[in-house]
Amino acid sequence: MNDTELVHLGLDGGVATVTLDSPRNRNALSQRLVAELTERLQAASADGAVRAVVLTHTGTTFSAGADLAEASTGPMTGTAGALLALIRLIVDVRQPVIAKIDGNVRAGGVGLIGACDIVVAGPRSTFAITEARLGLAAAVISVAVLPRLDERSAARYYLTGETFDAAEAQRIGLVTLATDAIDGAVATLTSELRRCSPQGLVESKRIANRGVREAIDRYGDEMVELSARLFASDEAHEGMTAFLERRPPRWAS
């Protein structure tokens, strides 16, 4: 393992573990982290010995979403496009991808787990789709998130930005399993996956992800354009600045 990496790849018993390891900024989706995560997932997908991929994290946060320090300094078209490509990659990885979460998941991080096939969340997990509080909207991630959620819950959490726990995330369809025993749950799942044929897994994953694939193809480019436009707006600049300065934005009451 390279200590300078933001994303690590480990292989053991046919399981590739991809670990986000940038706790200093809560695993924010910086250009570098997205690039490294893309490389690790591509490597795992290309390895014929890998039967399952586990996506996990160090620290108390799986991912805080966009790197607002980067976002406040330049246009976001390329970044939004890279996030869409990353979501598409998670869906297209040949093997099933299991998200193993025991921490906070915010904004773009919610999009990553939406793209995963199975999500196991531990007791420290909390979730929030916070874009509306920053003058933004959950645009790009919607292609992976909305197909998973019931419509009433999607409207509530998209509009309020409020935080919810793992049990609620399971109830609304964002999480597969909320459990206090995440290590055992993931071990059981990977054991079950190793009993399946590679061909069977590839085609079954393709069928199960049909709704997400269709959303990516139908809405992906439009959502990238919307995201870039919103990030460039005055309201988003105020929202991001307020967040970085740890103060309420001017519209908050």
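## Two pockets and a helix

The lining of the second largest pocket is made up of ten nonpolar residues, one polar residue and one charged residue. This is a predicted model, so let's take a friendly walk through its pockets and then one of its helices.

The second largest pocket has a volume of about 240 Å³. Its lining consists of Ser142, Val143, Leu146, Pro147, Leu149, Glu151, Ala154, Ala155, Tyr158, Ala215, Tyr219 and Met223. Helix H5 (142-145), helix H6 (151-160) and H10 each contribute two or more residues to that lining. H6 is the top contributor, with four residues.

Next comes the largest pocket, which holds about 900 Å³ of space. It is lined by 42 residues, and those closest to its centre are Ala64, Ala66, Leu68, Leu134 and Phe243. At least two lining residues come from each of helix H2 (68-71), helix H3 (77-92), helix H10 (210-231) and helix H11 (234-244).

Here are the two linings by residue class:

| Pocket | Nonpolar | Polar | Charged |
|---|---|---|---|
| Largest pocket | 25 residues | nine residues | eight residues |
| Second largest pocket | ten residues | one residue | one residue |

Finally, have a look at helix H1 (residues 31-46). What span should its 16 residues have at 1.5 Å a residue? The expected value is 22 Å, and the end C-alpha atoms of H1 lie 23 Å apart, which agrees. Along H1, the buried residues are Leu33, Val34, Glu36, Leu37, Thr38, Arg40, Leu41, Ala44 and Ser45. Glu36 and Arg40 are among the buried residues of H1, and both count as charged.

Note on methods. Residues are numbered from 1 along each chain as its sequence is written. This is a predicted model: local features need pLDDT of at least 70, side-chain atom pairs count only at pLDDT 80 or more; totals for chains, interfaces and linings use all residues. Side-chain values use heavy atoms; hydrogens and water are left out. The expected span of a helix is 1.5 Å times one less than its number of residues. Buried means under 20% relative accessible area, exposed over 50%, partly exposed in between (1.4 Å probe, protein chains only). On a 1 Å grid over the protein atoms alone, a cavity is a set of points where a 1.4 Å probe fits but cannot get out, and a pocket is an open set with protein on both sides within 12 Å along at least five of seven lines; lining residues have an atom within 4 Å of a point. Grid points are joined across faces, edges and corners, and a volume is the space filled by probe spheres set on the points.
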